[in-house]
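I opened my notebook to write down what I looked up in this structure. My entries run from the whole chain to single rings.

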Amino acid sequence: AAAGLVSSPAAQHAFRPAGRSAVRLQEWAARPAWESADMPTYDYRNQTFPVILAGMRRCREDRGAIPALLEQLVERDFFSYFPVNLITPCMYFPSGDAGCEMATCEIRAARERDIPPAVIARDREEYNFLIDGWVSKDMPSDFTEYFDLRESASRNTGYNGQRVWRFIHTNLCFQKRLQQEEMGWKRDFNRLVSGMHAVVDCEIIEDIGLSEEGRCEYRRRLRDEPGSILNLYYAYMLTLSAIREVSKGPSFESCAYLGDASIPPLMRALTSDDLLASDSVQSAAASLRAHASSPDFAVWKLRLRTRHLKLIMGCVECNVCKVHGTVLVIGLASTLQVLLGDDGSRDATQPAEERPDPLKLDRVSLGSLVATAAKLSRACATVERFREFDGEDLSQAYFGAPRPHADPS
């Protein structure tokens, strides 16, 4: 009887616009421009480009002991347990219709009895923060769970996060005045986000493996994406520089690392490695600071964006991706805090005792910084494996004559 309400084809056609399809069409018509905007690329050339290129070459030629040291560190509780609130809502666009329903997207929280009490105790004590600081972490609460990254590795879940990445690249990354010489600090931030995206791509293709599918994904996501590989190495060099910088802080030697006596020797070996001290690697951080000395530099715009990067993790509907993305964002925000300070310049505009020490990181921030450096190290190794598997000579592509490009550094 209900079907008889609309009998003829013409009547059915007339009836359809009042249904769900019409509502969906109205929603699409009202979507903001970023939903269909061209995705920006970050293959900036000139000036800073050769600086990053030299650092990339050094990292490729002399990986040294750093990867092994980072892997040993992230096996320790201090650098593996992270509190994340998985039920944080998405505050940037309507969500819930593109969630990951596959089992591969799920992540098992650490059982309370397995979490070292010292981890929870320290995280509960470290809840002071600047309201306009670089990032805020998820505090221990009834809604926050701890995740052990050793038990919940990042992987290819099959989740489609393109909408979240599109929002990040078109709304959080800088789009205006990028051609201007004094806007190097904007380009630096965009490079860092591009490097973060490359890490995720590397984790996906690493899980796919050295296969024809892996080769295709490597080419699509990394090799043929302008600036992706170079920006991955740029982010890696900045995190290494930040770790070395932290070692100069007053709390470095006094940190007990939750009583784990095996960590201080590893941290000292890491921060004293020749690669971290090399001019080629340190030049990336030096370039970042030089750009931050521009009269047009607005550090608050960077801090605002890193805070929004953290918040947009609420729009990620894959729990594995959300946990690992949260650690990545906190790690990169901590990198910028250490290298630039809270005022963006590390200048002594106030007496030292009256301003926050940017080198003093809480447990989650320091843990995320080291975990992020480990992720970047693995990602660089993945690029090298797939480059050889693909038969491509990355040296020819990057170390030969630069391709003509109009964008500034």
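**Entry 1: overall make-up.** I began with the secondary structure and found 16 helices and two strands. The model I am reading is predicted. The protein has 409 residues, and 52% of them count as buried. I also looked up the accessible surface, which comes to about 19300 Å². Carbon and sulfur atoms hold 52% of that surface.

**Entry 2: contacts along the chain.** I took the contacts with a separation of 6 or more. Of these, 85% are between residues 24 or more positions apart.

**Entry 3: the core.** Which residues touch the most other members of the largest nonpolar core? I noted Phe79, Leu232, Tyr257 and Leu366. This core has 112 residues. Helix H9, residues 228-246, gives the largest share of the core, with 13 residues.

I then picked Leu232 and asked what it is in contact with, leaving aside neighbours within four places in sequence. My list reads Gly195, Ala198, Val199, Cys202, Leu376, Ala379, Cys380 and Val383.

**Entry 4: aromatic pairs.** My search of the whole structure gave 13 aromatic pairs. I wrote up two of them.

One is Phe78 with Tyr257, and this pair is edge-to-face. The ring centres are 5.2 Å apart, with 70° between the planes. Where do the two residues sit in the chain? Phe78 is in the loop between helix H4 (66-73) and strand S1 (81-84). Tyr257 is in the loop between H9 and helix H10 (263-271). They are 179 residues apart, so I marked the pair as a link between distant parts of the chain. Phe78 and Tyr257 are both buried.The next is Phe93 with Phe167. Their ring centres lie 6.0 Å apart and their planes meet at 55°, so I logged the pair as tilted. Phe93 is in the loop between S1 and helix H5 (117-125). Phe167 belongs to helix H6, residues 162-172. The two are 74 residues apart, and their pair also links distant parts of the chain. Are Phe93 and Phe167 buried or exposed? I found both buried.

I followed these two rings further. Phe93 and Phe167 form one aromatic cluster with Trp34 and Tyr92.

**Entry 5: charges over rings.** Last, I looked up arginines over rings. Arg191 lies over the face of Tyr234, 5.9 Å from the ring centre. Arg215 has its charged end over the ring of Phe389, at 4.4 Å from the centre.

Key
Residues numbered from 1 in each chain as written. Predicted model: local features only at pLDDT ≥ 70, side-chain atom pairs only at ≥ 80, totals over all residues. Heavy atoms only, no water. Core = buried A, V, L, I, M, F, W, Y, C linked by side-chain atoms within 4.5 Å. Buried < 20%, exposed > 50% of the residue type's maximum accessible area, 1.4 Å probe, protein only. Helix = DSSP H or I, 4+ residues; strand = E, 2+ residues; numbered from the N terminus. Contact = heavy atoms within 4.5 Å. Areas by Shrake-Rupley, 256 points an atom, 1.4 Å probe, with all protein chains shown as cover. Phe/Tyr/Trp six-rings, centres within 6.5 Å; stacked < 30°, edge-to-face > 60°. Lys NZ or Arg CZ within 6 Å of the ring centre and 35° of its normal.
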